[in-house]
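Work through the exercises below with the sequence and the model open side by side. Try each task before reading its solution.

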Amino acid sequence: MAQQVQGVIAPGKNEPVRVETIVIPDPGPGEAVVKIQACGVCHTDLHYKQGGINDEFPFLLGHEAAGVVESVGEGVTDVEPGDFVVLNWRAVCGQCRACLRGRPWYCFDTHNARRKMTLLDGTELSAALGIGAFAEKTLVASGQCTKVDPEVAPAVAGLLGCGVMAGIGAAINTGQVGRGDSVAVIGCGGVGDAAIAGARLAGAAKIIAVDIDDRKLETAKKMGATHTVNSRSSDPVEAIRALTGGNGADVVIEAVGHPETYKQAFYARDLAGTVVLVGVPTPEMKLELPLLDVFGRGGSLKSSWYGDCLPSRDFPMLIDLHQQGRIDLGAFVTETIGLGDVEQAFARMHDGDVLRSVVVF
């Protein structure tokens with residue numbers, strides 16, 4: 001039987017979000033209803049609100065979440081009611097060419113729930129990243145539920161659903177940072193700081209944080225940065241080279257998603273080094289680089305989508321490392337808020353006042 005819950009929707013481009021009554025249908029085959037316990041306010045939700053993803057309004061926002069499985073549909077065997085799960089937006093299919101080649105983290109046919117959540121008047125909602133977790137309950141594909149240790153705080157576990165996993169994965173999975181490497185991270189918001197934490201976890205010898213905000217650079221030090229550069233007052237390329245013997249960093253992670261900072265990352269890496277783009281650009285952005293420089297500098301230019309993670313592998317591992325004290329996921333939680341505070345949380349995010357605001361239920 002369908003349920004009515006409270007959730008946060010974005011009704012139209014750049015309109016303020018509002019709390020509405022959401023209708024959650026019973027789970028169909030391969031689906032699950034999850035009672036949400038916590039959901040982080042991610043920059044991608046702001047992109048949805050601003051129309052930067054698509055124009056399929058109204059959106060049910062929220063995707064960086066943890067909760068408890070309440071019910072499952074026909075044929076679901078991987079989770080059951082009562083399981084504590086982190087939601088992910090890459091439910092691998094197991095059948096596409098990437099999965100069949102043993103590279104499921106590149107799955108080209110990830111799936112979401114087929115049934116639609118709606119408003120009371122029947123208006124269908126577009127769930128952000130196929131999740132829609134700024135709600136007391138949500139409907140997802142069962143493969144979007146990753147079981148983790150229920151002893152971890154939901155506000156911490158949920159962060160792996162997007163931003164923290166994207167940053168850590170950009171360093172470890174995509175950038176393949178190794179022991180003794182030099183790493184530069186341009187942009188020290190939540191994702192950039194997670195990349196810094198990932199680089200430290202991987203054993204990088206030198207981790208250079210770059211931002212235009214001294215407050216963010218101070219936070220980056222707490223996450224593991226060994227050096228900081230304020231790119232408002234210093235040329236970041238020259239500064240990174242000066243800190244790496246004139247050579248540039250082995251891995252440069254761009255966590256802004258802007259052509260100018262990408263160029264900085266490109267020229268701040270060592271010969272045969274790696275550039276990782278994890279910042280999300282907007283559709284109109286264009287990049288121009290001399291092709292001879294692309295050829296002559298060698299190395300790799302990579303994009304990191306969700307940190308190239310495999311949720312079933314990476315989420316439980318990172319929760320274990322957090323519980324062992326080897327990575328402090330709790331440090332990313334700046335504040336906990338209610339459903340009615342999401343609009344203010346977007347403003348605080350824009351002003352650079354938080355790493356993560358987390359809605360708790």
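**Exercise 1.** Which residues of helix 8 are buried?

*Solution.* The structure is a predicted model, in which local features need pLDDT of at least 70 and side-chain atom pairs count only at pLDDT 80 or more, while totals for chains, interfaces and linings use all residues. Residues are numbered from 1 along each chain as its sequence is written, and side-chain values use heavy atoms, with hydrogens and water left out.

Step 1. Find the helix. Helices (H or I, at least four residues) and strands (E, at least two) are DSSP runs, numbered from the N terminus. Helix 8 covers residues 259–268.

Step 2. Apply the cut-offs: buried means under 20% relative accessible area, exposed over 50%, and partly exposed in between (1.4 Å probe, protein chains only).

Step 3. Read off the buried residues: Pro259, Thr261, Tyr262, Gln264, Ala265, Phe266 and Ala268. That is seven of the 10 residues, so helix 8 is mostly covered.

Step 4. Look for what covers them. The buried residues of helix 8 pack against strand 11 (182–186), helix 7 (236–243), strand 14 (249–254), strand 15 (269–277), helix 9 (291–297) and strand 16 (300–303).

**Exercise 2.** Describe how helix 7 and helix 8 are arranged, and list the residues that make their contact.

*Solution.* Two packed helices are described by the angle between their axes and the distance between the axes.

Step 1. Fit the axes, which are lines through C-alpha atoms, for helices over the stretch in contact; angles run from 0 to 180 degrees between N-to-C directions. The axes of helix 7 and helix 8 come within 9 Å and cross at roughly 25°.

Step 2. Classify the angle: under 35 degrees counts as roughly parallel, over 145 as roughly antiparallel, 65 to 115 as roughly perpendicular, and the rest as oblique. Helix 7 and helix 8 are therefore roughly parallel to each other.

Step 3. List the contact, which means heavy atoms within 4.5 Å. Helix 7 contributes Pro236, Val237, Ile240 and Arg241, and helix 8 contributes Gln264, Tyr267 and Ala268.

Step 4. Sort by class. Ala, Val, Leu, Ile, Met, Phe, Trp, Tyr, Cys and Pro count as nonpolar, Asp, Glu, Lys and Arg as charged, and the others, Gly among them, as polar. The contact has five nonpolar, one polar and one charged residues.

**Exercise 3.** Repeat the analysis for helix 4 (residues 163–174) and helix 10 (residues 311–323).

*Solution.* Step 1. The axes of helix 4 and helix 10 come within 12 Å and cross at roughly 105°.

Step 2. That angle makes helix 4 roughly perpendicular to helix 10.

Step 3. From helix 4, Met165, Ile168 and Asn173 meet Arg313, Asp314, Phe315 and Leu318 of helix 10. These residues divide into four nonpolar, one polar and two charged.

**Exercise 4.** How many salt bridges does a search of the whole structure find? Examine three of the pairs.

*Solution.* Side chains of opposite charge can pair when their charged atoms come close.

Step 1. Use the criterion: a side-chain nitrogen of Lys or Arg within 4 Å of a carboxyl oxygen of Asp or Glu. The search finds 10 salt bridges.

Step 2. Take Glu343 and Lys49, with N to O at 3.4 Å. Glu343 is in helix 11 (residues 342–350) and Lys49 in helix 1 (residues 43–49), 294 residues apart. Glu343 is partly exposed at 26%, whereas Lys49 is buried at 8%.

Step 3. Take Arg356 and Glu64, whose closest N and O atoms are 2.8 Å apart. Arg356 is buried at 8% relative accessibility, and Glu64 is buried at 1%.

Step 4. Take Lys137 and Glu70, whose closest N and O atoms are 2.6 Å apart. Lys137 lies in strand 9 (residues 137–141) and Glu70 in strand 5, so the pair ties together parts 67 residues apart in sequence. Lys137 is buried at 14%, and Glu70 is partly exposed at 30%.

**Exercise 5.** Is Gly273 buried or exposed, and what does it contact?

*Solution.* Step 1. Gly273 lies in strand 15 and is buried, with a relative accessible area of 4%.

Step 2. Leaving aside neighbours within four places in sequence, Gly273 is in contact with Asp250, Gly298, Gly299 and Ser300.

Step 3. Set Ala272 beside it: this residue is also placed in strand 15, but Ala272 is exposed, at 56%.
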